[in-house]
Amino acid sequence: MKKIARRKFVVGAATAAAAVAVMGAPGVNAQSAKVLKWAHVYESGSAYHTSALWAAEEIKKRTDGRYDIKVFPASSLGKEVDINEGLNIGSVDIIYTGPAFAAQSYGPLAISDYPFILRDYDHWKAYRDSDLFAEMGEGYRQATGNTVTALTYYGARHVTANKPILKPEDMKGLKIRVPNAPVYVMFPKAVGANPTPMAFSEVYLALQQGVVDAQENPLPTIKFKKFYEVQSNINLTGHIINSLVTVISGLTLGGMSDADAAILKQVTKEAAERASDEINTAEQNLAEWFRAQGVAVNVVDRKPFMEAVEPELTSSDVPYTMEQYKRLKAL
């Protein structure tokens, strides 16, 4: 009986030693990394995606491998509406999304996406760093349980078409694709165009097949989505200074330590700054690049377009207050 007991002890000790070898030496994090999903609708070559990849590496490094972020570009986890919904059901952990899409849960957040409210990149940065944006983020968090951690510059949106657009009348009756959010309808309607909401992933083919006549996006987006291949004119309307918000699911943050949550928030903010600087720099040089490809890039007098839109910005239909509107304009 003693021999049998001794044999059991030896086997048990060997099993325990093997378990220690698998788990690692004392003091080493034995748990496997928690995988988080970061979803967006933009191409893998875009600054948004490359900055998200940078963030994934930084978060892995700064959490000592406790978190491993997988980034899913180009609508691979769903369209814009889908990934916004995914935050609340746990199918995604982090997303890039337009404020106008996030605003379907908290309306005032869309304010920066309205036409001609933001003047330029400097005005955009002032808003990003303002108490007003912080208040918008807090309102969204209270409404959804999810946290806006950063604002990324998306660029000035311009109209592309197969003809010059130099005055509001040139847009009358034009069937123009817009993102599927109410804020993007205001500008086309104000100038007599026919706004056609459509998912981002469907735009190139729709332009190529003539399903729509035009679309509007910033110059870097027009380049990486190759819209210039199927549109002969880029018209520099600059009608919206556009942004993306980085949003982290409340379900995700609720499962993290305070320290790791702080790291995640900080790194997504740094990633947004990297992408913003890259997009702003790209905008400065792209007009000439497009001209070199044989695309007409038309300088536009924006004042008549602004005058057409202005009454709509202070109408009773907007989701923000006049106090918020005045604060943003005054920045």
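## A predicted chain of helices and strands

The chain folds into 13 helices and nine strands. The model is predicted. Its C-alpha trace spans about 100 × 45 × 30 Å along the principal axes. There are 331 residues, and 51% of them count as buried. Take the contacts in the chain with a separation of 6 or more: residues 24 or more positions apart account for 75% of them.

### The nonpolar core

The largest nonpolar core holds 101 residues. Six of them touch the most other members: Ile69, Tyr114, Tyr127, Met171, Leu264 and Phe290. Helix α11, residues 258-292, gives this core its largest share, ten residues. As a general rule, nonpolar side chains in soluble globular proteins tend to be buried together.

Leu264 shows how such a residue is surrounded. Leaving aside residues up to four places away in sequence, Leu264 touches Leu36, Ile59, Ile69, Ile94, Ile248, Leu253 and Met256. One of these partners, Ile69, is also among the six residues that touch the most other core members. Another, Ile59, is a buried residue of helix α2.

Ile279 sits in helix α11 too. Its relative accessible area is 3%, so Ile279 is buried. Beyond residues up to four places away in sequence, Ile279 touches Ala47, Tyr48, Tyr153, Tyr154, Gly155 and Pro220. Ser243 is 36 residues from Ile279 in sequence, and the two C-alpha atoms are 11 Å apart.

### Helix α2

Helix α2 runs over residues 47-62, 16 residues in total. From its first C-alpha to its last it reaches 22 Å, close to the 22 Å expected at 1.5 Å a residue. Which residues of α2 are buried? They are Ala47, Tyr48, His49, Ser51, Ala52, Ala55, Ala56, Glu58 and Ile59. An α-helix has 3.6 residues a turn, so residues three or four places apart point the same way. Two buried residues of α2, Ala47 and Tyr48, are touched by Ile279. Just after the helix, Asp64 takes a positive phi of about 55°.

### Positive phi in loops

Most residues other than glycine have a negative phi. Ala74 goes against this pattern, with a phi near 55°. Ala74 lies in the loop between β2 (67-72) and α3. At 36% relative accessibility, Ala74 is partly exposed. Lys226 also has a positive phi, near 60°. Lys226 is placed in the loop between α9 (219-224) and β8. Its relative accessible area is 43%, so Lys226 is partly exposed.

### Two pockets

The two largest pockets compare as follows.

| Pocket | Volume | Lining residues | Nonpolar / polar / charged |
|---|---|---|---|
| Largest | about 350 Å³ | 16 residues | six / four / six residues |
| Second largest | about 280 Å³ | 23 residues | twelve / seven / four residues |

In the largest pocket, Phe133, Ala134, Val148, Thr149 and Ala150 lie nearest the centre. Helix α6 (131-144), strand β4 (147-161) and helix α11 each supply at least two residues of its lining. Helix α11 thus links two parts of this report: it also gives the largest share of the nonpolar core.

In the second largest pocket, the residues nearest the centre are Glu80, Phe101, Arg177, Pro179 and Phe200. The elements giving two or more residues to this lining are α3 (80-89), β4 and β8 (233-248). Strand β8 provides the largest share, three residues.

### Two more residues

Is Pro182 buried or exposed? Pro182 has a relative accessible area of 63%, over the 50% cut-off, so it counts as exposed. It is found in the loop between β5 (175-178) and α7 (186-190). Pro182 and Ala272 are 90 residues apart in sequence, and 25 Å apart from C-alpha to C-alpha.

Gln324 gives the opposite case. Its relative accessible area is 13%, under the 20% cut-off, so Gln324 is buried. Gln324 belongs to helix α13, residues 322-330. Not counting residues up to four places away in sequence, Gln324 touches Pro108, Ile111, Leu132 and Met136.

Methods
Residues are numbered from 1 along each chain as its sequence is written. This is a predicted model: local features need pLDDT of at least 70, side-chain atom pairs count only at pLDDT 80 or more; totals for chains, interfaces and linings use all residues. Side-chain values use heavy atoms; hydrogens and water are left out. Helices (H or I, at least four residues) and strands (E, at least two) are DSSP runs, numbered from the N terminus. The expected span of a helix is 1.5 Å times one less than its number of residues. Buried means under 20% relative accessible area, exposed over 50%, partly exposed in between (1.4 Å probe, protein chains only). A nonpolar core is a set of buried Ala, Val, Leu, Ile, Met, Phe, Trp, Tyr and Cys residues joined through side-chain atoms within 4.5 Å. Contact means heavy atoms within 4.5 Å. On a 1 Å grid over the protein atoms alone, a cavity is a set of points where a 1.4 Å probe fits but cannot get out, and a pocket is an open set with protein on both sides within 12 Å along at least five of seven lines; lining residues have an atom within 4 Å of a point. Grid points are joined across faces, edges and corners, and a volume is the space filled by probe spheres set on the points. Ala, Val, Leu, Ile, Met, Phe, Trp, Tyr, Cys and Pro count as nonpolar, Asp, Glu, Lys and Arg as charged, and the others, Gly among them, as polar.
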